[in-house]
Amino acid sequence: MQILVLNGPNLNLLGMREPETYGTITLSDICSEMDILARELEVGLTHYQSNHEGDLIDRLHQTMSKEAAVIFNPGAFTHYSYALRDAIAAVSVPVIEVHLSNIHAREKFRRHSVITPVAAGQISGLGSTGYLLALRAAVSLAASEEEGNE
Ligand code: DQA
């Protein structure tokens, strides 16, 4: 089973970006932690980060033929990208939304996600642990969808 780990704008700067909010862990540290867990769970991961909405949409379209589930931190696009929301709705692959920070405890504009209504679920505020929990959830969701399709 292959799972896509998709990260949106500014997440390439993790480690140096607003460390009081996002911590000092880098995106490559998160990817390494996830790769270790993925080996344990016997699944493969594809990591992709982009600062561009269209690139993220293109990658979501490709997932239908490539991956069984997606773990997605859409960054600030979370709060206003109807185009990303529609891309998720268009692909029949479960998407788990992840945020390092607790978006519900931050500025008003961050408390609303246009992504959650089309996501399988949302994990917010647990730092990099959220990505690891999302990976466990993605594997079990994808496995039950596979069973349902048999
Ligand atoms: C974020 C929260 C967003 O509001 C913000 O724009 C980000 C990161 C998070 O992981 O906490 O870029 O998605």
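Here are a few questions and answers about this predicted model.

Me: What should I know about the numbering and the model before starting?
Reply: Residues are numbered from 1 along each chain as its sequence is written. In this predicted model, local features need pLDDT of at least 70, side-chain atom pairs count only at pLDDT 80 or more, totals for chains, interfaces and linings use all residues, and side-chain values use heavy atoms, leaving out hydrogens and water.

Me: In what pattern do the helices and strands follow along the sequence?
Reply: Helices (H or I, at least four residues) and strands (E, at least two) are DSSP runs, numbered from the N terminus. The chain has 5 helices and 5 strands. Read along the sequence, their pattern is β-α-α-β-α-β-α-β-β-α.

Me: Where does E67 sit?
Reply: Happily, two elements frame the spot: α3 (53–66) and β3 (69–73). E67 lies in the loop between α3 and β3.

Me: Is E67 buried or exposed?
Reply: Buried means under 20% relative accessible area, exposed over 50%, and partly exposed in between (1.4 Å probe, protein chains only). The relative accessible area of E67 is 7%, so E67 is buried.

Me: Which side chain makes a polar contact with the side chain of E67 at 2.5 Å?
Reply: A polar contact is a pair of N or O atoms within 3.5 Å; within protein, one must be able to donate a hydrogen and the other to accept it, and residues adjacent in sequence count only if both atoms are side-chain atoms. The side chain of E67 makes one such contact with T63, at 2.6 Å. The partner at 2.5 Å is the side chain of R59.
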